[in-house]
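Please work through the exercises below with the sequence and the structure open beside the text. Each task is followed by a solution that goes step by step.

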Amino acid sequence: SIKMLALEPMKRVLAAALLWSDIINAFAPKHRALYGAQVVRAQPSTKEEGANVNDVTRRVILDGALTSVVVGASGLTIQEANAKIITKSSGGVIPTTKLGGLEVSRTIQGYWQLAGGHGDYKESDALQNMRAHFDAGITTLDTADIYGPSEVIVGKFVVQEPRAVVCTKFCCFRNLDKIDMSEVRARIQKQCARLNVKSLPLVAFFWADYSVKRYVDVALMLTKLKDEGLIQEIGVTNFDLIRLKELVAAGVPVVSNQVQFSLLDQRPERSGMRAWCAEKGVQIIAFGTVGAGLLSEKNLGAPPPTREDLTAGGSSLGMYYATARRAGGWEHLQRLLETLQPIAKKHNVAIANVAQRYLLEKPGVGCVLIGVRNRKHVAENTRTYAFELDEGDRGAIESVLAEAKGPQGDVWDIERGNI
């Protein structure tokens, strides 16, 4: 039977708009809009200054189906409407945040998986995956110039869906002492062509060898292209705090740093990077947040993966299993899972949702990146925004994090061979 959200009598104007059949029929995809991350928290008992909204269209998963809900005509505050929507929905609203002037979804689709080494895939399946996640509100996609055909496939989706926001990377591995402006310009122009955009929304800069001290020079070349309009925003990826500070001090307008950050890898926290980014307005984009599925119910009480399991799991599972071993091995992972399971049950979500939510509630963390292989976890990924952790949840998690043995050093120190 058709149900309506329970509203106060004075708010019955909204009730008619919340009939499920009317919602699905009335709001075509072109009317579905995202809203800022600052309004996602469900706080029905508070009315923040300026929180009243007019005709705000909101995206939400309702009983597994994408739809939109209009609030504002009844005088509901954003917090009140958000609480009612989340209570009714099986998922959560996907919020957005700003990377400089660029609006992105706080969960980002990741397409390293299209680079090879992650199992076979069909291009048509990849495009369907992108569409399913986009329609669920995960409207930002991440790729890189070194991910094989990934940029080309993402570019085909951009043709289908011009509203998609694409984040890519500019990676420098060889001939670092010879990179000049003409090379940088030519590479960026080729990326624009592959992605079917006139300018790159976000370019994350990677530099392989800090001993070749030209990373500031090359980053300033990217800055010049930003001034010319070929790039909209500049980020970095896997930069440690020392070099990140150098770039910012030199005038590079860094808006984000994409780094491995999870309950298994706390290097951005322990190095002071997260706190510094929060202070300076540089958003962390966290990848590896569920460790290729290591932080999930299926591993609770299970034996460690065999060599065959690791091979079948592809490059990402091998990388994150190495991270888990540095953190304290399988025993430490089990302690984490044993702690996360009751928290997940309390909030009626999955362990992966709790792992991601813990990071997203940290100041300085703007987004989490999920590696997309299929469409199995679309609804689950939206549930990360359907609840909040309380002090007891965070305390329990942090008591286990304090027991971790590693990974040691700053961001990407081990991977660079510095430790």
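Buried here means under 20% relative accessible area, exposed means over 50%, and partly exposed lies in between, with a 1.4 Å probe and protein chains only. The model is a predicted one, in which local features need pLDDT of at least 70 and side-chain atom pairs count only at pLDDT 80 or more, while totals for chains, interfaces and linings use all residues. Residues are numbered from 1 along each chain as its sequence is written, and side-chain values use heavy atoms, with hydrogens and water left out.

**Exercise 1.** Determine which class of accessibility applies to Asp-265, and describe its salt bridge with Arg-267.

Solution. Begin with the accessibility: Asp-265 has a relative accessibility of 0%, and therefore counts as buried. Next take the partner, Arg-267, which is buried because its relative accessible area is 2%. A salt bridge requires a side-chain nitrogen of Lys or Arg within 4 Å of a carboxyl oxygen of Asp or Glu. Between Asp-265 and Arg-267 the closest N and O atoms are 2.7 Å apart, and the two residues form a salt bridge. The count by this rule comes to 21 salt bridges.

**Exercise 2.** Locate the two residues of the salt bridge between Glu-398 and Lys-362, and classify the accessibility of Glu-398 and of Lys-362.

Solution. The N to O distance in this salt bridge between side chains is 3.9 Å. Helices (H or I, at least four residues) and strands (E, at least two) are DSSP runs, numbered from the N terminus. Glu-398 belongs to helix H15 (residues 391–401), whereas Lys-362 sits in the loop between helix H13 (351–360) and strand E12 (365–371), so the pair ties together parts that are 36 residues apart in sequence. Glu-398, with a relative accessible area of 35%, is partly exposed, and Lys-362, at 16% relative accessibility, counts as buried. Elsewhere, salt bridges that share partners join Arg-131, Asp-135, Glu-161 and Arg-163 into one network.

**Exercise 3.** Explain why the sulfur of Cys-171 forms no bond with the closest cysteine sulfur, and state how many disulfides a search of the whole structure finds.

Solution. The criterion for a disulfide is a pair of cysteine sulfur atoms within 2.5 Å. For Cys-171 the closest cysteine sulfur belongs to Cys-172 and lies 7.4 Å away, which is too far for a bond. The search of the whole structure accordingly returns zero disulfides. As for accessibility, Cys-171 counts as buried at 7%, and Cys-277 is buried with a relative accessible area of 1%.
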